[in-house]
Amino acid sequence: IHGVDISKWQHPHDKPINFEKMAKAGVRFVIIKGSDSQVPADVLAKKYLIADRAAAQAAGLYTGFYYFSYLPDTTKKAEIIADAKAQAQKTIWRLGEIGGYTEQDLPVALDLETNCVRLISGICKKYASRANVSLWAKTWLAEVEAKTNRKPFVYSYPSFLQNAMTRSSQLAKYPL
């Protein structure tokens, strides 16, 4: 089953995407950047999510959206859990803003690609530990699942998952 990941980068000069052409080429789903933990990127993600979701579904495609995450600069478990729950709530609100799930929607995805928690002048000065990345992800995933009654999935890449997270049966229950 062929699908694509889309975000602002597929909109050069604010140009719309031709989802009809995608469908004719064999694409069956699109995963749209729908939210971001950083406010400026989140505003832009919302703009494209609303337009792209409607246009993709009109072309007969299944849609989903991903939440691009940044972890907090803390080692305190209570603060990590609170941050993950707050970011999960932001995702749930975004789902509500677009009217909830339709029959053409896939579950929400957690886009987890970085464990850098302190970036200065483009250089990461501090990384979250494997245990803290895993705790944050488990908390976010469980919170979104509990509030939406759909199991979210993890959107990442193998080397990040292997190097930045700890394997666990709790994380393994979420699709990748």
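Which residues does Pro175 touch, not counting residues up to four places away in sequence? In this predicted model, the contacts of Pro175 are Lys151, Pro152, Phe153 and Val154. Pro175 is placed in the segment after helix 6 (169–172). Its C-alpha atom is separated by 7.5 Å from that of Pro152, although the two prolines are 23 residues apart along the chain. Pro175 is partly exposed, with a relative accessible area of 41%. Lys151, one of the contacts of Pro175, also lies over the face of Tyr174. The distance from Lys151 to the ring centre of Tyr174 is 5.4 Å.

A second lysine is placed in a similar way over an aromatic ring. The charged end of Lys33 sits over the ring of Phe68, 5.3 Å from the ring centre.

Aromatic rings also pair with one another. The structure holds 4 aromatic pairs. One of them joins Tyr67 and Trp140. Their ring centres are 6.0 Å apart and their planes are at 25°, so the pair is stacked. The angle decides the class, because planes under 30 degrees apart count as stacked. Tyr67 lies in strand 3 (residues 62–68), whereas Trp140 lies in helix 4 (residues 130–148). The pair therefore ties together parts that are 73 residues apart in sequence. Tyr67 is buried, at a relative accessible area of 0%. Trp140 is buried too, with a value of 0%.

Trp140 also features in the largest nonpolar core, which has 38 residues. The members that touch the most other members are Phe19, Met22, Val30, Leu61, Leu110, Leu112 and Trp140. At least two residues of this core come from each of helix 1, strand 2, helix 2 (39–58), strand 3, helix 3 (77–97), helix 4 and helix 5 (158–164). Helix 4 gives the most, with 7 residues.

Leu110 links several of these parts. With residues up to four places away in sequence left out, Leu110 touches both partners of the stacked pair, Tyr67 and Trp140. Its other contacts are Ser69, Trp136, Ala137, Leu141, Phe153, Val154 and Tyr155. Phe153 and Val154 are also contacts of Pro175.

Thr148 lies in helix 4 as well. Thr148 is buried, with a relative accessible area of 15%. This value falls in the buried class because the limit is under 20%. Beyond residues up to four places away in sequence, Thr148 touches Ile92, Leu95 and Tyr101.

Strand pairing was examined next. Strand 1 (residues 2–6) and strand 2 (residues 27–36) pair in the parallel sense, over 5 bridges. Within this pairing, His2 stands opposite Val27 in strand 2. Helix 1 (residues 19–24) completes the arrangement: strand 1, helix 1 and strand 2 make a right-handed β-α-β unit. Phe19 and Met22, among the core members with the most contacts to other members, fall within the helix 1 range of residues 19–24.

Strand 5 (residues 116–120) and strand 6 (residues 123–127) pair in the antiparallel sense, over 4 bridges. Ile120 stands opposite Ile123 in strand 6. The two strands form a hairpin with 2 residues between them. Ser121 lies in the turn and has a positive phi of about 50°.

Terms used
Residues are numbered from 1 along each chain as its sequence is written. This is a predicted model: local features need pLDDT of at least 70, side-chain atom pairs count only at pLDDT 80 or more; totals for chains, interfaces and linings use all residues. Side-chain values use heavy atoms; hydrogens and water are left out. Rings of Phe, Tyr and Trp (its six-membered ring) pair if their centres lie within 6.5 Å; planes under 30 degrees apart count as stacked, over 60 as edge-to-face and the rest as tilted. Buried means under 20% relative accessible area, exposed over 50%, partly exposed in between (1.4 Å probe, protein chains only). A charge sits over a ring if NZ of Lys or CZ of Arg is within 6 Å of the ring centre and within 35 degrees of the ring normal. Two strands pair if DSSP finds at least two bridges between them. A crossover is right-handed if, with the strands pointing away from the viewer, the path from the first strand over the helix to the second runs clockwise. A nonpolar core is a set of buried Ala, Val, Leu, Ile, Met, Phe, Trp, Tyr and Cys residues joined through side-chain atoms within 4.5 Å. Contact means heavy atoms within 4.5 Å.
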